[in-house]
Each structure stands twice: as structure tokens, then as C-alpha cells.
Amino acid sequence: MGATMSSPELDTLKKILTLEQQKGYNDTAVVGGLDRFLARWTEGPSAPPVPLPTRGYARLTAPRRRGWVEATLQLLEEGPTHPKKKTPSPPLPKEPAPAPTLSSPVTALPRVSSVLAGRLKRLGVHTIRDLLYLFPHRHNDFAKLCQVSQLEVDAEQTVMVNVWEAREVLLGGHRKATEAVVGDETGNMRAVWFNQPYLARQFKPGTRLALSGKVSLFKGTGVMESPEYELLQEGEELVHTGRLIPVYPLTQGLTPRTLRHLVKKTLDTWGPHLQDPLPQSLRQRAGLPELSQAISQAHYPQDEESKASARRRLAFDELFMMQLYVFSRRRDWRGGRDAVSLHSNEALLNAFISRLPFSLTRAQEKALGEVLADMEEERPMSRLLQGDVGSGKTVVALAALLCAAANGYQGAFMAPTEILAVQHYNNISRLLGELPQPAIHENWATFSLEPFPRPISVGLLMGSHGRKQKRELQELMARGTLDLVVGTHALIQQDVDIPRLALAVVDEQHRFGVMQRASLRQKGGTPHLLVMSATPIPRSLALTLYGDLDLSVLDELPPGRQRVKTQWVHPDRRQGAYDFLRRQVKQGRQAFVVCPLIQESEVLQTRAATAEFSRLSREVFPDLSLGLLHGRMPLREKEEVMASFSGGDMDILVSTPVVEVGIDIPNATVMLIEGADRFGLAQLHQFRGRVGRGEHPSYCFLMADSPSAEAVERLKVMERVDDGFLVAEEDLRFRGPGEFFGTRQSGLPDLRMARLSDHDLLALARREAALLLKEDPQLAQPQHQALARELAQYASSSPDTASS
């Protein structure tokens with residue numbers, strides 16, 4: 001051991017470092033800080049070699065400051081062992097890893113390996129916060145505590161017992177299991193765990209166990225088969241037995257016990273750290289518990305009342321955040337007054353409507369009045385036009401587009417797919433074709449409409465068009481000589497210039513998100529926005545999902561629309577359906593056959609379009625003309641198939657669900673849907689709406705070879721109900737909102753706790769959101785900072801922010 005290093009300079013340094021220790025390493029032991037002192041001290045000619053912090057003392061974290069001070073003091077006390085050698089630098093402690101937060105990956109939790117994290121990922125759990133919000137879909141009620149003599153057959157209950165004997169056994173000659181004899185002061189019973197022989201080693205005689213499950217009788221003795229179990233230890237809270245026990249969604253390789261244990265540990269550790277974003281005044285008004293309490297009780301409730309209170313709080317959070325989001329989205333869209341005021345040209349509209357081959361319904365007249373009134377404002381319109389299949393939305397939209405053209409501006413009509421864009425273009429051309437002197441070009445047409453002083457031009461622009469076609473239309477748009485343009489969302493791409501765009505009509509709202517709206521704004525000013533949806537949903541739900549839009553509803557069908565007779569066809573009556581379809585074709589009608597898939601799947605036992613087309617063509621209808629349509633076909637081929645079917649050259653069209661919306665073939669009277677049990681009711685209703693559009697009676701056959709009991713119940717709803725709004729209500733009841741809309745389609749995150757039947761809670765959430773934004777529109781007040789962060793995270797995770 002070397003001698004203690006000593007000199008006046010070193011004594012001074014030791015005193016300063018000792019004082020720094022006493023002051024808690026806060027860099028106040030010397031005026032100006034340690035870095036300044038050390039720099040001057042080491043410049044002296046006789047200064048001994050004391051290693052300095054490479055990044056400077058002031059920039060070190062507290063643990064690293066402590067490590068350097070202690071190592072340097074030790075070096076000064078002991079001195080170097082070999083004076084001639086350069087003094088080695090005392091090793092600085094490693095910079096500690098950042099403390100985990102709720103946003104940290106689950107691997108930051110103790111005993112969560114990358115393998116376990118991979119399994120959790122399949123459940124949508126990536127972070128610690130995700131795990132806290134992985135709510136059980138139900139609870140097993142094991143709260144009823146009994147003695148052995150009180151156990152009832154076939155009832156959920158819990159018993160506290162001693163293990164008398166546990167052994168590994170073979171059941172059925174080959175299945176390893178654990179069998180235990182257990183009991184209390186009132187009697188004994190058996191418990192058996194299949195495929196878990198290792199439990200025999202855990203359950204030593206004298207072990208205290210809690211067992212939860214159902215009891216059966218075998219030779220007069222009570223038996224629990226594979227009950228939930230828990231080793232009873234003094235002061236330990238029950239996790240798997242003796243209470244309301246959560247039942248979580250699982251995935252391969254993840255057992256209920258593992259997930260329950262992990263969630264409970266995470267709750268106990270992280271639950272208290274949850275920051276409640278709701279202001280206390282709001283919670284008190286609404287009668288809501290604190291967030292940490294609600295999340296804890298949602299997983300491990302004390303009783304049913306606590307569970308209901310927790311669900312109400314968490315459901316409110318979902319609905320409240322949704323309302324804040326749609327209200328702020330509406331404010332952002334309508335915040336400016338930079339829209340063009342479009343005055344209604346009554347003479348032009350009357351001329352258009354009077355030449356139509358039908359009269360507008362009262363609902364169409366009312367909706368058109370609402371749209372035209374909005375377009376008069378300088379504040380941009382933001383309206384949803386909602387109507388059942390065949391309710392006449394396109395006519396209302398076209399009248400609004402003509403109004404834009406009459407004011408010297410341009411209008412755009414966007415559809416989600418190219419085949420629907422073509423269909424809309426054809427429908428608009430057909431409606432305007434009732435006017436005199438149409439001039440038809442390859443991708444655009446002009447129509448004369450008195451008293452309008454010049455022809456009205458309509459074009460079709462899509463991504464699959466050739467360069468020459470695109471350039472021609474883009475030049476027409478850029479010059480402002482193309483009044484109306486129909487296309488897909490390619491219309492809002494950067495290289496498409498619509499300089500006088502004043503009205504955008506968007507078909508199928510849920511596929512048109514925030515990013516697309518922002519792109520519309522970049523076209524110059526803010527156009528009026530009219531979105532159309534053929535998904536009939538209740539008004540309260542429409543306000544929830546589309547709260548940023550005013551609502552117009554077309555709730556009556558035009559005269560002449562047929563009620564489609566619908567029937568679920570039992571598998572052994574399939575030939576009867578084919579015979580009926582053949583008779584319809586002989587009478588000059590046409591038919592659709594819809595299949596869930598393009599090609600056959602080994603996993604899904606259902607008919608695929610390509611194989612069904614071949615089978616029907618060869619074996620069932622060899623004498624009829626059949627066509628095939630699916631989403632992977634080139635657009636030109638799709639157009640040829642649709643033109644052939646529309647022109648009557650084809651008897652039967654075999655298709656995937658691409659015919660769900662927009663296809664209009666008045667002569668088609670039969671819709672035969674294969675694998676009908678695989679579709680939601682709302683989608684089946686959309687398919688059914690492809691027929692019944694002409695003067696002839698129409699029929700829809702629902703084919704399902706092996707439907708479940710619930711699927712049969714759903715198919716019977718289709719037989720009974722033909723009102724789209726009622727169908728949607730039933731679909732929501734069966735499937736819930738996430739499946740009904742599809743999370744990615746609705747433009748909103750899925751609801752985990754809220755139910756669409758929570759009408760009172762939804763109304764409360766709307767009121768509170770409106771009140772809060774009125775008080776603090778930007779959520780800038782200090783008490784709303786946590787809420788502002790939650791809203792920003794919600795907006796960034798909302799599917800429509802990333803729609804394309």
C-alpha cells in the first residue's frame with residue numbers, strides 16, 4: 001500500500017471534495033463550481049495527476065458525481081502503489097439507465113423476457129401503459145367462500161383447504177396429471193389437474209391452498225377438475241382465487257396465471273403513478289372515481305358495484321376523449337372564414353331537377369336545402385350526408401356540384417376505389433345525359449343545361465390512367481375549364497392542380513381521414529366538404545363518430561325501389577336456389593354471386609370467387625354466360641366485365657365483396673351470397689342493396705354451409721329486417737363497434753370499455769367536452785396540461801391521422 005498523498009494543494013482538494021460530499025454533490029462546495037476550481041488547480045506546475053471528469057463535473061448526474069468524488073478521495077488517501085507509473089483513472093460508475101416510464105416497453109418490467117414480450121405484442125401490448133389498459137373481457141366470480149361440507153355441485157365457489165396428499169398419476173392410460181386429497185375441518189375432497197404433473201411436487205403435505213372452480217361428484221366424493229389454485233401465505237393478497245378473477249384475452253404460449261400475475265404486479269407497482277388527466281372539478285360533477293382506482297378495480301374489483309363504477313369511469317374517458325378529438329377537428333376545419341360563398345342558382349337547379357326521370361323525395365329536398373344553405377357561408381361546410389342503399393345521395397351531391405360550377409368554381413367527387421369512381425362517373429354522366437346535346441370524349445364529357453350560358457364539363461381522373469390521359473385532364477383542371485372531376489383520392493395528390501376547387505364530395509367518410517382533408521386545403525383556400533356514407537347508423541352514434549360534421553339523413557327510398565325478399569338457404573336446399581336463379585335468367589333477369597375470398601384458403605372453410613366461378617361455369621350453369629370480378633384484376637379488365645354485365649351480355653357475375661357499394665344494375669334481381677355467416681349484417685345489407693333497383697321483384701339468398709347458432713340468429717335478422725338503420729342496430733348488438741366499423745376504417749381508436757348503448761354517458765361526455773373547449777379552446781390552462789398531452793397522443797394514434 002502506498003503512502004498517503006500529501007501537499008497543501010492536495011489537502012485543499014480533499015477539504016473541498018469532503019465538503020461537496022456533505023452538501024449532497026450539488027456543486028456548491030466552491031464558488032464558481034468544481035469545474036472552474038479544478039481547471040485552475042491542474043494548471044499549476046506541481047499539480048499531481050488527479051483524473052478529471054471527462055464531461056465536466058457539472059454535467060454529471062448525481063450518482064456519477066458521487067462515484068467520482070469517492071474514487072478521487074480514496075486515491076488521495078491511499079496514494080499510488082507504484083509512484084513511477086501513471087496513476088490510473090478511477091473508474092467512473094456507468095450512467096444509470098433511464099428510469100422506466102409508462103411509455104417504456106414491457107421488457108422494462110421484472111421477469112418480462114423478449115419471448116414473453118412477443119406474446120404480449122400479439123395482444124396489442126407494447127408498453128407498460130398498454131398492459132394496464134389490457135382489460136379483462138369478463139370476471140369469474142370466485143368470491144363465494146365455502147367449507148368443504150358446504151360446496152354445491154356445478155357452482156363457482158372457493159374453498160380454503162390443507163393438502164393431505166398430492167401425487168402424479170396417469171389418467172386414461174397416457175395423460176399425466178396431478179391428483180390431490182385436500183380438506184378442512186368439515187370434510188375432504190379430491191382435486192385433479194390434467195397435464196400438470198409438476199404440481200404434485202409443489203403441493204407438499206400440510207400446504208394451505210385456495211381452490212376456485214366448479215365441483216362435480218364422482219362415486220359420492222366431491223371433485224374439482226383443474227381448479228384455479230393459490231398457495232396461501234400470510235399477508236399475501238389473492239390473485240387467482242377467492243374474489244372476482246379477471247379473464248383476459250390470451251394467445252399461444254401465454255397462460256391465464258402468467259398474465260394475471262404480471263398484470264397484478266404491474267398494477268401494484270405502476271397504478272399509483274398514473275396521472276389523472278381529468279380535472280377534479282369535472283370528476284366531481286360527473287361522479288367519477290380517480291383513474292388509478294378505476295383501472296385497479298377494472299382488473300381486480302372488490303365487488304360488482306366497484307367493477308361497474310370503474311367501467312363507467314373508463315368508458316367516460318374513451319367517449320370524452322373521442323368528443324374532444326372530433327370537436328377540435330371540427331374547429332380546425334371550420335376555424336377560418338376562407339371558403340368561397342356559393343350562391344344557389346335556382347333556375348339552374350330547377351332545370352336540372354325537372355329533367356330527371358324521377359321526383360326528389362322529401363328527404364332529398366330537405367338535405368339539398370341544408371347543403372345549399374351551408375355553401376352560402378364563407379365558413380367552410382363540413383356535412384355528412386347519410387342514407388341507406390339507394391336513397392339517392394348522388395343526386396343531392398350532383399346538384400351541389402352544379403351549384404359550384406354555376407358560381408364559376410370547380411367541384412371534385414372522390415370515391416375510395418377506382419371501380420366506384422368509374423361507377424360514380426357513369427351515374428353522373430347518366431343523370432346529366434338526360435340533358436340535351438351531350439358531347440362525350442374519352443375521359444370527359446360536356447353537357448348543356450339552360451339557362452347556364454356554357455356547357456358543363458365532367459372528367460374522370462384515376463391513378464391507373466395513362467400519362468397522356470392524365471395530362472389532358474390535369475391541363476383542363478389547371479385552366480379551370482373542367483367544372484367537375486370524379487376520381488379516387490389520387491385527386492388530392494400534390495401534382496394535381498384544381499385551382500378553383502370550392503366543393504369536395506367524398507364517398508364513404510370512414511376512408512377519408514385528417515391527412516386527406518389537410519391535402520384538400522393545400523389546393524387553395526378551404527373547399528366546402530360534403531361526405532357521404534351508405535352505412536346506416538343511429539343518429540346518436542353518427543354524432544359520436546362524426547361529431548365534426550353536421551348531419552343530413554336520407555331516411556326514405558325513392559318511389560319504385562323494391563323490397564328485396566331475403567332467405568337463408570339451408571345447405572341441403574342449395575340446388576333449389578340455383579334452379580330459382582336459372583328461372584330468373586330465363587325471364588331476362590341477371591344475378592350476382594358474392595364470395596368472401598378471391599382464392600381458396602386452407603384455413604377458412606368457405607367458397608372462393610375463382611374456384612366458384614369455375615365450378616358454376618362447368619357444373620351448374622354451363623349454358624349461361626358468367627363473369628368474374630375481384631379486386632386484384634387490372635382496372636381495364638374490371639371495366640370490361642362491368643360493362644358486359646351492365647349491358648346485359650352476361651347473366652351471372654361472380655364477385656368478391658368489391659360489389660359492396662356503388663354498383664347499379666337495375667336488371668339484376670338475384671343476390672346469392674356464399675359464406676354469408678362470415679359477413680356482418682351491415683355488409684350483407686349493402687350486398688342486398690345491389691338488387692331491387694329496377695321494376696322487377698328481387699331476391700337475396702344467404703348461403704352458409706355450417707353456421708354457428710349465433711350466425712343462424714344473425715341470418716334470421718336479415719330475413720326479418722330490411723330497414724338499414726335497424727339492421728345496423730342489430731349488427732352493433734352482435735358484433736360491437738370495433739368489428740362493426742373496423743377500427744382502421746372508422747377513423748377512431750377502438751372502444752374497450754364504452755358501449756354504443758351508453759347513451760346517457762355519451763351525452764354527458766359530449767356536454768363536458770363542449771364545456772371544456774368553450775372554457776379553454778386550446779387546453780392551455782395549467783390544470784388542462786395532462787389532458788392536452790392525452791389528446792395529442794389520442795390524435796397521433798387515431799387511424800385517420802395516418803389514412804392514405
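In this predicted model, helix α12 (residues 362-375) and helix α13 (residues 393-406) have axes that come within 10 Å and cross at roughly 30°. Because angles under 35 degrees count as roughly parallel, that crossing makes α12 roughly parallel to α13. Beyond this helix pair, the briefing covers aromatic pairs, of which the structure holds 10, and helix α21, which is largely enclosed by the rest of the structure.

**Packing of α12 and α13**

- The crossing of α12 and α13 is right-handed.
- On the α12 side the contact is made by Gln364, Ala367, Leu368, Val371, Leu372 and Met375, and on the α13 side by Val395, Val396, Ala399, Ala400, Cys403 and Ala404.
- Sorted by class, this contact of α12 with α13 comprises 11 nonpolar residues and one polar residue, with no charged residues.

**Aromatic pairs**

- Among the 10 aromatic pairs of the structure is that of Phe203 and Tyr229, whose ring centres lie 5.4 Å apart with the planes at 75°, so the pair is edge-to-face, given that planes over 60 degrees apart are classed in this way.
- This pair links distant parts of the chain, since Phe203 sits in the loop between α6 (199-202) and β6 (208-213), while Tyr229 belongs to strand β9 (residues 228-231), and the two are 26 residues apart.
- Both partners fall under the 20% limit for burial: Phe203 counts as buried at 1% relative accessibility, and Tyr229 is buried with a relative accessible area of 8%.
- A second pair is formed by Phe316 and Phe320, whose ring centres are 5.3 Å apart and whose planes stand at 15°, so the pair is stacked, the limit for that class being under 30 degrees.
- Phe316 and Phe320 both lie in helix α10 (residues 304-334), where, being four residues apart, they are separated by about one helical turn.
- Phe316 is buried, with a relative accessible area of 0%, and Phe320 is likewise buried, with a relative accessible area of 0%.
- Phe203 and Tyr229 are also members of a cluster with Trp193, linked by ring pairs.

**Burial of helix α21**

- Seven of the eight residues of helix α21 (residues 681-688) are buried, so this helix is largely enclosed by the rest of the structure.
- The buried residues of α21 are Leu681, Ala682, Leu684, His685, Gln686, Phe687 and Arg688.

How values were computed: Residues are numbered from 1 along each chain as its sequence is written. This is a predicted model: local features need pLDDT of at least 70, side-chain atom pairs count only at pLDDT 80 or more; totals for chains, interfaces and linings use all residues. Side-chain values use heavy atoms; hydrogens and water are left out. Axes are lines fitted to C-alpha atoms, for helices over the stretch in contact, and angles run from 0 to 180 degrees between N-to-C directions. Angles under 35 degrees count as roughly parallel, over 145 as roughly antiparallel, 65 to 115 as roughly perpendicular and the rest as oblique. A crossing is left-handed if the near helix is turned anticlockwise from the far one by less than a right angle, and right-handed if clockwise. Contact means heavy atoms within 4.5 Å. Ala, Val, Leu, Ile, Met, Phe, Trp, Tyr, Cys and Pro count as nonpolar, Asp, Glu, Lys and Arg as charged, and the others, Gly among them, as polar. Rings of Phe, Tyr and Trp (its six-membered ring) pair if their centres lie within 6.5 Å; planes under 30 degrees apart count as stacked, over 60 as edge-to-face and the rest as tilted. Buried means under 20% relative accessible area, exposed over 50%, partly exposed in between (1.4 Å probe, protein chains only).
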